[in-house]
Amino acid sequence: MDNQNNPEEIKEEKTLEEAFEELDILAGRLEDRNTSLEDSFRLYKQGMELLKYCNEKLDTVEKKMLQLNEDGTFSEFSR
């Protein structure tokens, strides 16, 4: 699992769902009392990189969303 050591490499390959799943796994490992302090720091850093990636992906999706107008046409979604 060499990819888990470098979030910059793996984030380009992951779907948003995969990233969220990995975040869930990382959270579980951080909660484990047997995880060393050094490993906790590494897991935290990896989780923060994944969170950043997820935020970027969500921002991109949000910008691409289309809104259906009353006349049946589509326009870009705006807040």
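These are my notebook entries on a small set of things I looked up in this structure.

**Entry 1: the overall picture**

I started with a reminder to myself that this is a predicted model. I counted the elements next and got three helices and two strands. Reading from the N terminus, I wrote the order down as α-α-α-β-β, with the helices ahead of the strands.

I then checked burial: the protein has 79 residues, and 22% of them count as buried. For the surface, I noted that about 6,500 Å² is exposed. Carbon and sulfur atoms supply 51% of that exposed area.

I also looked at contacts between residues with a separation of 6 or more. Of these, 44% link residues 24 or more positions apart.

**Entry 2: H2 against H3**

How do helix H2 and helix H3 pack, and at what angle? I found H2 at residues 16-31 and H3 at residues 37-64. Their axes are 10 Å apart, and the angle is about 155°. Angles over 145 degrees count as roughly antiparallel, so that is what I call H2 and H3. I put the crossing down as left-handed.

Next I listed who makes the contact. From H2 I have Leu16, Ala19, Phe20, Glu22, Leu23, Leu26, Arg29 and Leu30. From H3 the list includes Ser40, Leu43, Tyr44, Gly47, Leu50, Cys54, Lys57 and Leu58. Sorting the residues of this contact by type gave me 13 nonpolar, three polar and four charged.

**Entry 3: Leu30**

I picked Leu30 from the H2 side. Is Leu30 buried, exposed or something in between? Its relative accessible area is 34%. Buried means under 20% and exposed means over 50%, so Leu30 goes down as partly exposed.

Leaving out residues up to four places away in sequence, I found that Leu30 touches Ser40, Leu43 and Tyr44. Those three names are also on my H3 list from the helix contact. I checked one distance as well: Leu30 and Phe41 are 11 residues apart along the chain, and their C-alpha atoms are separated by 9.0 Å.

**Entry 4: Lys57**

From the H3 side I took Lys57, another residue on the contact list. Its relative accessibility came out at 33%, so I filed Lys57 as partly exposed.

Where does Lys57 sit relative to Thr15? In sequence they are 42 residues apart. In space, C-alpha to C-alpha, I have them 9.0 Å apart.

Conventions
Residues are numbered from 1 along each chain as its sequence is written. This is a predicted model: local features need pLDDT of at least 70, side-chain atom pairs count only at pLDDT 80 or more; totals for chains, interfaces and linings use all residues. Side-chain values use heavy atoms; hydrogens and water are left out. Helices (H or I, at least four residues) and strands (E, at least two) are DSSP runs, numbered from the N terminus. Buried means under 20% relative accessible area, exposed over 50%, partly exposed in between (1.4 Å probe, protein chains only). Contact means heavy atoms within 4.5 Å. Accessible areas come from the Shrake-Rupley method with a 1.4 Å probe; for residues, only the protein chains shown count as cover. Axes are lines fitted to C-alpha atoms, for helices over the stretch in contact, and angles run from 0 to 180 degrees between N-to-C directions. Angles under 35 degrees count as roughly parallel, over 145 as roughly antiparallel, 65 to 115 as roughly perpendicular and the rest as oblique. A crossing is left-handed if the near helix is turned anticlockwise from the far one by less than a right angle, and right-handed if clockwise. Ala, Val, Leu, Ile, Met, Phe, Trp, Tyr, Cys and Pro count as nonpolar, Asp, Glu, Lys and Arg as charged, and the others, Gly among them, as polar.
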